[in-house]
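Welcome! Please take a moment to look over the sequence and the model before reading on.

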Amino acid sequence: MPRYFLLLLFFAPFLTACEEVFEYHPNQIRLSGSERDLTARNVEKIQQLSPDDTIRIVVMGDTQRFYDSAEEFVKAANKLDNIDFVVHQGDISDFGMTQEFRWIHDIMKDLRVPYLTVIGNHDLLANGKKVYQQMYGDLNYAFVYGRVKFIFLDTNGREYDFSGNVPDLAWLQGQLTHTPESDWKQAVIISHMSPFGGDYDSRLRLPFHQVLEQSGRVHLSLHGHEHNWQTIEQEESNITYHMTTSTNNKGFSYVEIWDGGFSIKRIHY
């Protein structure tokens, strides 16, 4: 027994060193300190900037397993001047595995500006929800930059068996409630699944529109998932829904937002 104990003591340091080499299960969650709480860290970086009258953001998404295209995206985005931040519209991963999230972050961290994310339906597979929460943070969150409130929302209804709870419209309505103390004038909605998609909870489609419309402060809603550009304008509510294309199509949307207006350009790289 003493001999086995001595052997265990001898090999213990080597086994500890190998923890960074071996992956014991594809769904295990191992993140370094620098890979955690990325949303809070990047929002803090953004809020330290001095916003211009016009806010300029790059909207991209659906990186999944398109790593080479994602690297090309970073090079293309870094060539743009005066960008405030980048929005990843979800489906960061393909199978919700930790290593997939880490690979994309390793690419996206080379951006010259901070990037923010919203969770996609692929990101919710396997342990993906836990990975996302540990790596990025809350699935629903909001912050004010300039006079614009950016609201990030989980809208992947199918992944919750169309439970009637996703998206969380009560939370959204609370975020869109404007008071005399509010420091924002307009709001932009950001989610992976648009309300027109088949994976969106159809029972919440009309209530979602009504929440945005009744706020009177939402004119732009940004989405991914479709892997193609699409813009739907609703004249009766003055709300524009824009879906950006996927990374493997080598394109993204360049969005400018100013007081009372916005513009969208489709950019290939």
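The notes below look at a pair of helices, the surroundings of one of them, and a single strand residue.

## Two helices side by side

Keep in mind that this is a predicted model. A good place to start is helix 3, residues 67-77, and helix 4, residues 98-108. Their axes come within 9 Å and cross at roughly 25 degrees. Angles under 35 degrees count as roughly parallel, so helix 3 is roughly parallel to helix 4. The crossing of helix 3 past helix 4 is right-handed.

Which residues bring the pair together? On the helix 3 side they are Y67, A70, E71, F73 and V74, and these meet E100, W103, I104, I107 and M108 of helix 4. Sorted by class, this contact has 8 nonpolar residues, 2 charged residues and no polar ones.

## What surrounds helix 4

Is helix 4 mostly covered or mostly open? It is mostly covered, with 8 of its 11 residues buried. Those buried residues are T98, E100, F101, R102, I104, H105, I107 and M108.

Several elements help to cover them, and helix 3 is one of these. The cover also includes helix 2 (38-47) and helix 5 (128-135), together with strand 1 (55-60), strand 2 (85-88) and strand 3 (115-117).

## A glutamine in strand 8

Now move along the chain to Q234, which lies in strand 8, residues 230-234. Why does Q234 count as buried? Its relative accessibility is 17%, and buried means under 20%.

Leaving aside residues up to four places away in sequence, Q234 touches F196, H209, I239 and Y241.

How values were computed: Residues are numbered from 1 along each chain as its sequence is written. This is a predicted model: local features need pLDDT of at least 70, side-chain atom pairs count only at pLDDT 80 or more; totals for chains, interfaces and linings use all residues. Side-chain values use heavy atoms; hydrogens and water are left out. Axes are lines fitted to C-alpha atoms, for helices over the stretch in contact, and angles run from 0 to 180 degrees between N-to-C directions. Helices (H or I, at least four residues) and strands (E, at least two) are DSSP runs, numbered from the N terminus. Angles under 35 degrees count as roughly parallel, over 145 as roughly antiparallel, 65 to 115 as roughly perpendicular and the rest as oblique. A crossing is left-handed if the near helix is turned anticlockwise from the far one by less than a right angle, and right-handed if clockwise. Contact means heavy atoms within 4.5 Å. Ala, Val, Leu, Ile, Met, Phe, Trp, Tyr, Cys and Pro count as nonpolar, Asp, Glu, Lys and Arg as charged, and the others, Gly among them, as polar. Buried means under 20% relative accessible area, exposed over 50%, partly exposed in between (1.4 Å probe, protein chains only).
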